[in-house]
Amino acid sequence: MTILYSTSFIPEAICKICNHTGATPVFSGPDRLMCLPGVFQFVRCSYCGTFYQWPKLPWDELQKYYQGDYDSYISALADEPSRIRRWLRRRYTLKMRRFVEQFAQNGVLLDIGCGTGVFLEEMQMSGRWQLHGIEPTTTAANYVRQRFGIPVINSLVEQVSLPDCTFDVVTMWNVFEHLSDPKLVIQKVYHSLKPNGIAIIAVPNYESLSRVIFGKYWCGWDLPRHLFILPSTTLLELVKRTGFTVRQHKCFIGTYALLGHSLSFLQQDLTGSKQTALSILQKIYISPIGRLLFYPLQYMTEQTGLASIKVWALQKT
Ligand SMILES: [Zn+2]
């Protein structure tokens with residue numbers, strides 16, 4: 001099938017966030033992370049400002065782009081052979097757990113798009129949570145069931161009927177942007193929460209410094225796996241309309257790794273001396289000294305809300 005990409009206004013494009021038609025092409029590009037074949041396009045809704053992929057790939061096409069070495073498919077912490085990686089991963093998941101436990105300290109928790117259970121494993125270690133997961137990839141869902149004994153529904157969340165008023169906390173770590181119908185899922189999450197329940201949503205931060213610097217090379221776009229990128233004002237409008245109040249939003253995860261991805265995406269398209277210069281910068285970046293050198297930038301972007309991932313804590317009211 002040949003897909004034609006537009007360079008001008010697309011009147012037939014439909015925005016799933018506001019239901020209005022009409023969008024403007026932003027850019028088209030390849031799968032920079034996994035380097036799988038295809039060219040894809042982001043457009044921007046003329047009404048609400050949402051960025052979305054158009055034309056939209058059906059799930060049976062899209063799932064080819066979720067392979068075993070995609071970021072979320074990693075093994076349990078105890079099976080991690082490298083002590084340094086184990087320490088870095090635990091540091092990351094502890095931040096997630098502490099963020100959640102500011103708002104709720106125990107109860108029933110659902111992690112949507114749980115992958116191989118990186119976050120669920122951390123919450124299991126606290127011993128205070130009754131845990132559940134939803135994950136569309138069968139191998140990952142089976143892994144969580146067998147490795148951690150946590151029940152996981154193996155399905156796309158859009159196709160799952162969630163019970164009303166059941167969960168104290170529902171989390172979606174870097175999942176929202178992968179959903180084919182994020183508005184529907186936000187509404188489902190709202191209804192599945194108990195009164196005053198908490199939803200945690202981590203999304204690519206359109207306002208991030210990396211997006212401004214790297215443009216179409218910003219790793220937050222992640223074509224074709226990311227289907228929606230919402231500016232904060234549009235996301236805020238959506239969650240408020242659903243009935244949530246915002247308890248907090250903060251940048252605290254993924255900053256270092258995501259900046260590294262953006263650098264490598266830019267390098268892929270450069271040639272000659274520019275590519276060499278960037279390649280040297282990347283080698284410095286991934287070295288322990290580089291990590292120290294870049295720490296002030298990481299700290300500054302996280303403190304000012306300009307890092308690549310923003311985490312929202314929402315409360316059902
Ligand atoms: Zn819209």
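Which residue stands opposite Val 170 in β8? In this predicted model, that spot belongs to Leu 110.

**View 1. Strand β8 with its neighbour β5.** Here's the pairing behind that opening question. Strand β5 covers residues 107–112, and three bridges tie β5 to β8 in the parallel sense. Look for Leu 110 facing Val 170 of β8.

**View 2. Strand β8, tucked away.** β8 takes in residues 167–173, and seven of the seven are buried, so the strand is largely enclosed by the rest of the structure. Buried here means under 20% relative accessible area.

**View 3. Strand β8 with β9.** Swing over to strand β9, residues 193–204, which also pairs with β8 in the parallel sense, this time over six bridges. To find your bearings, pick out Val 169: its bridge partner in β9 is Ile 198.

**View 4. From β8 to β9 by way of a helix.** Helix α5 spans residues 182–192 and joins β8 and β9 in a β-α-β unit. The handedness of that unit is right-handed.

**View 5. The second largest pocket.** Now for some empty space: about 200 Å³ of it lies in this pocket. Of the 17 lining residues, the closest to the centre are Ser 210, Phe 214, Leu 259, Leu 297 and Thr 301.

**View 6. What the lining of the second largest pocket is made of.** Four helices each chip in at least two residues: α6 (209–214), α8 (255–269), α9 (272–286) and α10 (288–303). By residue type, the lining has 12 nonpolar and five polar residues, with no charged ones.

Terms used. Residues are numbered from 1 along each chain as its sequence is written. This is a predicted model: local features need pLDDT of at least 70, side-chain atom pairs count only at pLDDT 80 or more; totals for chains, interfaces and linings use all residues. Side-chain values use heavy atoms; hydrogens and water are left out. On a 1 Å grid over the protein atoms alone, a cavity is a set of points where a 1.4 Å probe fits but cannot get out, and a pocket is an open set with protein on both sides within 12 Å along at least five of seven lines; lining residues have an atom within 4 Å of a point. Grid points are joined across faces, edges and corners, and a volume is the space filled by probe spheres set on the points. Ala, Val, Leu, Ile, Met, Phe, Trp, Tyr, Cys and Pro count as nonpolar, Asp, Glu, Lys and Arg as charged, and the others, Gly among them, as polar. Buried means under 20% relative accessible area, exposed over 50%, partly exposed in between (1.4 Å probe, protein chains only). Two strands pair if DSSP finds at least two bridges between them. A crossover is right-handed if, with the strands pointing away from the viewer, the path from the first strand over the helix to the second runs clockwise.
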